[in-house]
Amino acid sequence: MTPGIDRRQVLHGAAAVAAGTAAVGVLPAGAAHADGERSGDADLVIHNGKVLVLDEHFHEAEAVAIRDGRILAVGRARDMRRHTGRRTKLLDAGGGTVLPGINDSHLHLGSHGLSVPPFNVDVDTGTIEELVAVIRAAAGAASTPDSWIRGRGWQELVLPRAPVAADIDPVSGGHPVLLNDFSGHATSVNTAVLRKAGITRDTVPPPGGVIDRDANGEPTGVLRETAQGLVRNAVPPFTRDERSKAIDAAIARLHSRGVTSLTEPGIDLDALALYAEKARAGGLPMRITALLGSGTGPRTLRDVLDRYRPLRDVDPRVLRVAGVKIFADGIPRFRTAWMNKPYLDGSNGRLTIDGATAGEQLANLHEMIGTAARAGLQVGTHSCGDATADAVVAGYVGSTRHRADLRHYVIHCNFPSARTLRTMARHDIGANLNAEILYLQGRVLESIIGRELTEYQWPYRSAITAGVKVTSGSDAPVVEPHWLRGVMAAALREGANGGVAGRAERITVPQGLATYTRVAAWQDHAERWKGTLGPGMAADVCVVGGDVLGVDPHDLADLPVTTTLVGGRVVYERPAAGAAPAAFAGAGKHGRDCRDGGKCCCTLSEEISGT
């Protein structure tokens, strides 16, 4: 493996570019140029690396020239000499791999930033006793007697059970306590919060929601899926300043991973206004495609659309609202994803859309899709169960009478049938899969979904073979975003505990890279200007310290990102010690626990808590 560079090496002079130009699989016919240009000085030339253009033919090159925030030329190193003048800076890739900037196509930026201290304490513990100790310490350190204690990260497949109010009450010191599980699909609260929210034995959960109860019928403090919304109004929101700082810290963390673009699904209008404010001030060094949250039914979606105003004076290549996100079902772990064939316990799950009956819920789901399509908005729908995927795709197909070019897509898409995949391909409906969660989950759900579905979950190869446009998203903060681990998992189908889940669904490393770059740009309706390193494209670049195509796929996750550029500007350089930004020190704990032989518990899920 070629050693990575620790710092960006800026040189001057054409000789450095021309040095060491042994032929590899490069673009044919020399360098390709933007707009037919064959001369002119570049601002920056990246050389001494393997350049993966990531176009449809998976071309490789030796160097890339950048000018005015765009790719000027790409090809052999010696061909860059014509673009290298006195003011051209050179970036030595150190023998590593030069890629388009990574596009995480499903990432909750605001929640990711708020998921760590000081905003949330870490309650990812191995025992209830350890979790209780964390709450005791947080209560002792609280600044005021009535301040809230918020935590995140508990995992029901690691703990013997979910933490309940009876565990938390004795050590909470009168503080209201709210603890989100790692997935965002379950919340544990103490009695103080149950009282503030008015939740009693007589409280009826909303459609798709679950209130855990004890043997006497009393609420235990554990709320699942839409039932989490019952406490939302009781929880004080984070301040605007806190949210702003969390966003900045999260972006810095993503830059250190080579991420230059992301899709944030399900944001509210306040979050959109904060992003727009940052973008107008030049303080948003991340390309964000946003999906507005739609609520739980047609009425809430119409309310969002009535209040939404298109962004003005904001560069759409920095911040753009593409459409809406619909939350249609739960997750397999809690048996709340809607399945055609029952789970091993005989249950099927259900939709989480408003409606007194399954028929009303289905009709409301399709009405929501149609409403968005009539407004010219793309729809991404959280659909884990195969029955949900069938219903969502049918709704998408029906909406084509309004607009056929919106590129709706199925989020998560765990178990789509072969027939559904063919329909998706025929109607240009995308699939947004989660290889990073696949790595952490492995075969852990086999006792819930059975062997056949464990082998099939997130069917990358089947979807690509059917002609479906497949993208990959981390779903952070559900997991720490780590796209190299995702590519590794898609290629090997190995979980963190070493178990293989679905050899038949393996894809190649280049195919995996495309799901994080070129195809993700397609999902954003942006393939004409980002997602590849072709001439004229945005100079969003990720430099990896090693040969991404040449290493054993098992070693992909260990390769460091050394440099990240957004619009031709360096936004990250690997520090000498390789330290993460302080706000995220220790992030990614789930992955370490699993790799170290701990019980891997991660499940397909999505952040829905408003805290």
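Asp124 is buried in this predicted model, because its relative accessible area is 6%, and the cut-off for a buried residue is under 20%. As to its place in the chain, Asp124 lies in the loop between strand 11, residues 121-122, and helix 3, residues 128-141.

What does the side chain of Asp124 make a polar contact with? The partner is the side chain of Gln155, at 2.8 Å. Asp124 and Gly153 are 29 residues apart along the chain, yet their C-alpha atoms are separated by 4.5 Å.

I turn now to a second residue, His412, which lies in strand 21. His412 is buried as well, with a relative accessible area of 0%. Its side chain makes a polar contact with the side chain of His382, at 3.3 Å.

Strand 21, residues 409-412, also leads us to helix 11, since the buried residues of that helix pack against this strand. They pack in addition against helix 10 (358-374), strand 20 (378-383) and helix 12 (418-426).

How many of the 14 residues of helix 11 are buried? Ten are, and the helix is thus mostly covered. Among them are Asp386, Ala387, Thr388 and Ala389, and the list also includes Val392, Val393, Tyr396 and Ser399.

Finally, I consider the length of helix 11, which comprises residues 386-399. At 1.5 Å a residue, its 14 residues should span 20 Å. The end C-alpha atoms are 20 Å apart, so the expected span and the distance in the model agree.

Terms used
Residues numbered from 1 in each chain as written. Predicted model: local features only at pLDDT ≥ 70, side-chain atom pairs only at ≥ 80, totals over all residues. Heavy atoms only, no water. Helix = DSSP H or I, 4+ residues; strand = E, 2+ residues; numbered from the N terminus. Expected span 1.5 Å × (residues − 1). Buried < 20%, exposed > 50% of the residue type's maximum accessible area, 1.4 Å probe, protein only. Contact = heavy atoms within 4.5 Å. Polar contact = N/O pair within 3.5 Å; in protein donor to acceptor, adjacent residues only side chain to side chain.
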